[in-house]
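Trainee: I have a model open and would like to learn how to read it. Can we go through it feature by feature?

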Amino acid sequence: MYIKRDDDGRIELVSREATPDCREFLAADSPELLAFLMEGETGKGKAHFQASDLAFVRVLEDVIEVLMDKGVISFTDLPEPAQQKVMERQSLRRRLSGLRLVSGEDEEGGVI
């Protein structure tokens with residue numbers, strides 16, 4: 001995502017593509033960007049808390065990936081609902097930022 005900041009350095013405009021106004025890149029899962037996007041709906045304090053939660057979800061995704069990469073756990077060790085959530089997050093991340101949560105040879109099916 002590309003942003004424009006106000007004179008105080010706060011995000012004031014967001015675009016999916018670089019524009020003359022929005023030239024600074026921020027990752028789609030940036031806590032600052034998530035807080036800005038949620039501000040209008042929930043208020044500042046709650047938005048920052050929710051952005052923190054979303055950033056922490058990313059930490060958990062990374063921990064799961066490391067555990068699987070090291071062979072500590074396998075994807076099939078996760079309960080079915082967790083597998084579905086991991087696959088959903090992988091798909092969303094791939095669409096939003098091109099990053100992959102779980103790597104594997106079967107890119108379309110997400111098989112590990």
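Trainee: Which residue is the bridge partner of Y2 in β2?

Mentor: Strands here are DSSP runs of E with at least two residues, helices are runs of H or I with at least four, and both are numbered from the N terminus. Two strands pair if DSSP finds at least two bridges between them. In this predicted model, S15 in β2 is the bridge partner of Y2. On β3, Y2 stands opposite F25.

Trainee: How many bridges join β1 to β2, and how many join β1 to β3?

Mentor: Strand β1 covers residues 2-5 and is joined to β3 by 2 bridges. One of the β3 partners is E24, which bridges to I3. Between β1 and β2 there are 4 bridges. There, K4 stands opposite L13. Both pairings are antiparallel.

Trainee: What is the strand order in the sheet?

Mentor: The order is β2-β1-β3, in an open sheet of 3 strands. β2 (11-15) and β3 are the edge strands, each with a single partner, so one side of each has no neighbour in the sheet. In the hairpin of β1 and β2, 5 residues lie between the strands, and G9 takes a positive phi near 85 degrees.

Trainee: What pattern does the chain follow along the sequence?

Mentor: It reads β-β-β-α-α-α. That is 3 helices and 3 strands.

Trainee: What does the mean pLDDT say, and which elements have the lowest and highest values?

Mentor: pLDDT is the predictor's confidence in each residue, from 0 to 100. The chain averages 78, and 75% of the residues score at least 70. Among the elements, helix α1 (residues 31-42) has the lowest mean, 74, and strand β3 (residues 24-25) the highest, 94.

Trainee: Where does pLDDT stay under 50?

Mentor: Over residues 98-112. The model has 31 contacts for them beyond four places in sequence, a contact being heavy atoms within 4.5 Å. Where pLDDT is low, the predicted coordinates should not be read in detail.

Trainee: What ground rules apply to the numbers?

Mentor: Residues are numbered from 1 along each chain as its sequence is written, and side-chain values use heavy atoms, with hydrogens and water left out. As this is a predicted model, local features need pLDDT of at least 70 and side-chain atom pairs count only at pLDDT 80 or more, while totals for chains, interfaces and linings use all residues.

Trainee: How is empty space found, and which residues lie nearest the centre of the largest pocket?

Mentor: Rolling a probe the size of a water molecule over the atoms shows where empty space is left. A pocket is an open set of points on a 1 Å grid over the protein atoms alone, where a 1.4 Å probe fits, with protein on both sides within 12 Å along at least five of seven lines; lining residues have an atom within 4 Å of a point. Here 10 residues line the largest pocket, and A28, D29, R89, R93 and L96 lie nearest its centre. Helices α2 (44-69) and α3 (80-97) are the elements that give two or more residues to this lining. The largest share, 5 residues, comes from α3.

Trainee: Is I73 buried or exposed?

Mentor: Buried means under 20% relative accessible area, exposed over 50%, partly exposed in between (1.4 Å probe, protein chains only). I73 has 23%, so it is partly exposed. I73 sits in the loop between α2 and α3. Not counting residues up to four places away in sequence, I73 touches L67, M68 and L78. Of the 112 residues of the chain, 22% count as buried.
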